[in-house]
Amino acid sequence: MTTTRRNFLRTGAATLAALPVLAAQAQTTHTVTIKNFAFSPADLTIAAGDTVTWVNDDSTSHSAWEDSGNTFDTGLIRPAGSASQTFSGTGSFSYRCRPHGNMRGSITVG
Ligand SMILES: [Cu+2]
């Protein structure tokens, strides 16, 4: 079978049209559980566009506060509560719980 120029162009256009769908499907929500005064997983690597949801399984309020204070701050998450943050750009972000500064974690956006 001969591939005509017209067929080639049609195939190429179909491939390009599928790309945004693939990009949308690649976005993932990751869960970080807060329990016993610790983030789990403490260190998490995600892709740009992904969302991290912190779920507080402890009986006291916690937060996830990026160290520089400029990238994200969930504010206090009450027991059984959760907070989410979407990371659009790449980078490495260390964070801590504001009331309990020894609770530490990191998000690496690759
Ligand atoms: Cu805390």
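Here are some questions and answers about this predicted model.

Reader: Let's start with the overall layout. How many helices and strands are there in the chain?
Author: Read along the sequence, the pattern is α-β-β-β-β-β-β-β-β. So you meet a helix and then go through strands, and the tally for the chain is 1 helix and 8 strands.

Reader: Which residues coordinate the copper ion?
Author: Look for donor atoms at 1.9 to 2.7 Å from the copper ion. Two of them are ND1 atoms of histidines, and the others are an SG and an SD. The residues that carry them are His62, Cys97, His100 and Met103.

Reader: And what geometry does the site of the copper ion have?
Author: The copper ion has 4 donor atoms, with angles of 89 to 134° among them. Four donors count as tetrahedral if all angles lie between 85 and 135 degrees. Those angles fit that range, so the site is tetrahedral.

Reader: How are the donor residues spaced in sequence?
Author: Start at the histidine, His62, and walk along the chain to Cys97, His100 and Met103. Written as a pattern, the spacing is H-x34-C-x2-H-x2-M.

Reader: Is Cys97 buried or exposed?
Author: Buried means under 20% relative accessible area. Cys97 has a relative accessible area of 0%. Another copper donor, Met103, also counts as buried, at 2%. Because its value falls under the cut-off, Cys97 is buried.

Reader: Which strands stand at the edges of the open sheet?
Author: This sheet has 4 strands in the order 3-8-7-5, with mixed pairing. Strand 3 (43-46) and strand 5 (65-66) each have a single partner strand, so one side of each is left without a neighbour in the sheet. That makes the edge strands 3 and 5.

Reader: What is the bridge partner of Trp65 in strand 7?
Author: Strand 5 and strand 7 (residues 91-96) run antiparallel and are joined by 2 bridges. For Trp65, the partner in strand 7 is Arg96.

Reader: Where is Asp57, and which residues does it touch?
Author: Asp57 sits in the loop between strand 4 (51-56) and strand 5. At 43% relative accessibility, Asp57 counts as partly exposed. Leaving out residues up to four places away in sequence, Asp57 touches Thr33, Ile34 and Lys35.

Reader: How much of the chain counts as buried?
Author: The accessible surface of the chain comes to about 6,800 Å², and 53% of that belongs to carbon and sulfur atoms. Counting by residue instead, the chain has 110 residues, and the buried share is 30%.

Key: Residues are numbered from 1 along each chain as its sequence is written. This is a predicted model: local features need pLDDT of at least 70, side-chain atom pairs count only at pLDDT 80 or more; totals for chains, interfaces and linings use all residues. Side-chain values use heavy atoms; hydrogens and water are left out. Donors are N, O and S atoms within 2.8 Å of the metal (3.2 Å for Na, K and Ca); water is not among the atoms, so sites may look incomplete. Four donors count as tetrahedral if all angles lie between 85 and 135 degrees; four count as square planar and six as octahedral if opposite donors are over 155 degrees apart and all others between 65 and 115; anything else is irregular. Buried means under 20% relative accessible area, exposed over 50%, partly exposed in between (1.4 Å probe, protein chains only). Accessible areas come from the Shrake-Rupley method with a 1.4 Å probe; for residues, only the protein chains shown count as cover. Two strands pair if DSSP finds at least two bridges between them. Contact means heavy atoms within 4.5 Å.
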